[in-house]
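Take a moment with the sequence and the 3D view below. The walk-through starts with the whole chain and then moves to single residues.

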Amino acid sequence: MEWQDDAYVLSARAHGETGAIVELLTEQHGRFAAHVAGAASRKMKPFLQPGARVLVAYRARTSDNLGSAQIEPVGEGPAALFDDPMALAGLSAAAAVAQGALPEREPHPGAFAAFEALVAAFSLDGIWPAIFVRFEAGLLEELGFGLDLTRCAATGVLDDLVYVSPKSGRAVSRDAGQPYSDRLLALPPFLLSSQGGLADGDVAAGFALTGHFLEQFVFAPLNRPLPPARVWLIEKLGDAGRL
């Protein structure tokens, strides 16, 4: 079994004296683990950080075996964000969410494209937290748990959608949801339209919304919590007044 693909590094853990098991999000082959020889070297380490873009040449004896990979860096990768600790934290959190949510060896080119878009957005200091929320919403859709934000679940109206049902993931209008507002999730406008703008509290509401459904539909069935890197990111964004 041999293939080449574009990929992002999700994580790397030491294996043996000089190697590592590297988790990759590939464009055409999904999430894949591979052994990378020499990964502990000073030359290789910078290219095995979460979010690094690489070209992968993968080889395994059979499709069931853990194969080996040769990795070549593409672009600057996380090094471009060294002067922005918050963006680096966001990159690590995104890699952790993708690694925890996506099934292994199942192609999800949509998830790769969403991750690629998010990586590009980390240079946009004011808006990347909102794009992170959109990335998580895209992951949910890619996995078959997409939110239905097109019309009110109760009345069918298309306007003034401000809530989401925590059970169905469907939008609810202001009038229909008002009597049950304490039981519904807030729907920030930026998830309805890229022209929706950002107000105080919108990013926090977005993280709460996607976090609820990631936990309910993706992580809880796997008996896993939401990634600690995601929790830490939200805490840091809150401390910085960016939610």
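What follows goes from the overall fold to aromatic pairs, and then to a few residues in turn.

Keep in mind that this is a predicted model. The protein chain holds six helices and eight strands. Their order along the sequence is β-β-β-β-β-α-α-α-β-β-α-β-α-α. Five strands therefore open that pattern, and two helices close it.

Next comes overall size. The C-alpha atoms fill a box of roughly 60 × 40 × 30 Å along the principal axes. The radius of gyration is 19 Å. A compact globule of 243 residues would have a value near 18 Å, so the chain agrees with that expectation. Of the 243 residues, 42% are buried. Contacts tell how the sequence comes together in space. Among those between residues at least 6 apart in sequence, 54% join residues at least 24 apart.

Now the outside. The accessible surface of the protein chain is about 12,300 Å². Carbon and sulfur atoms account for 51% of that surface. The chain carries 19 positive and 28 negative charges. The mean positions of the two sets lie 5 Å apart.

Turn to the aromatic rings. There are eleven aromatic pairs in the count. One of them joins Y8 and F115. Their ring centres are 5.0 Å apart, and their planes meet at 55 degrees, a tilted arrangement. The two residues come from distant parts of the chain, 107 residues apart. Y8 sits in strand β1 (residues 2-15), while F115 sits in helix α2 (residues 109-121). Are these two residues buried or exposed? Y8 has a relative accessible area of 4%, so it counts as buried. F115 is buried as well, at 0%.

A second pair is formed by F32 and Y58. Here the centres are also given as 5.0 Å apart, but the planes stand at 70 degrees, so the pair is edge-to-face. F32 belongs to strand β3 (residues 30-36) and Y58 to strand β4 (residues 53-59). The pair therefore ties together parts that are 26 residues apart in sequence. Both residues are buried.

Rings also gather in a group. Y8, F112, F115, F132, F135 and F207 make up one aromatic cluster. Both members of the tilted pair, Y8 and F115, belong to this cluster.

Stay with Y58 a little longer. Y58 lies in strand β4, and its relative accessible area is 3%. Which residues touch Y58, apart from its neighbours within four places in sequence? They are M1, E2, W3, F32, A33, A34, N65, L66, G67, S68, A69 and R105. Q4 is another residue to find in the view: its C-alpha lies 6.1 Å from that of Y58, although the two are 54 residues apart in sequence.

R105, one of the residues in contact with Y58, deserves a look of its own. R105 lies in the loop between α1 (85-101) and α2. Its phi is near 60 degrees, a positive value in a residue other than glycine. R105 is partly exposed, at 27% relative accessibility.

D160 also has a positive phi without being a glycine, at about 55 degrees. Its place is the loop between α3 (128-142) and β6 (161-164). D160 has a relative accessible area of 40%, so it counts as partly exposed.

Technical notes:
Residues numbered from 1 in each chain as written. Predicted model: local features only at pLDDT ≥ 70, side-chain atom pairs only at ≥ 80, totals over all residues. Heavy atoms only, no water. Helix = DSSP H or I, 4+ residues; strand = E, 2+ residues; numbered from the N terminus. Rg over C-alpha atoms; globule rule 2.2 N^0.38 Å. Buried < 20%, exposed > 50% of the residue type's maximum accessible area, 1.4 Å probe, protein only. Contact = heavy atoms within 4.5 Å. Areas by Shrake-Rupley, 256 points an atom, 1.4 Å probe, with all protein chains shown as cover. Lys, Arg positive; Asp, Glu negative; His and termini not counted. Charge placed at Lys NZ, Arg CZ, Asp CG, Glu CD. Phe/Tyr/Trp six-rings, centres within 6.5 Å; stacked < 30°, edge-to-face > 60°.
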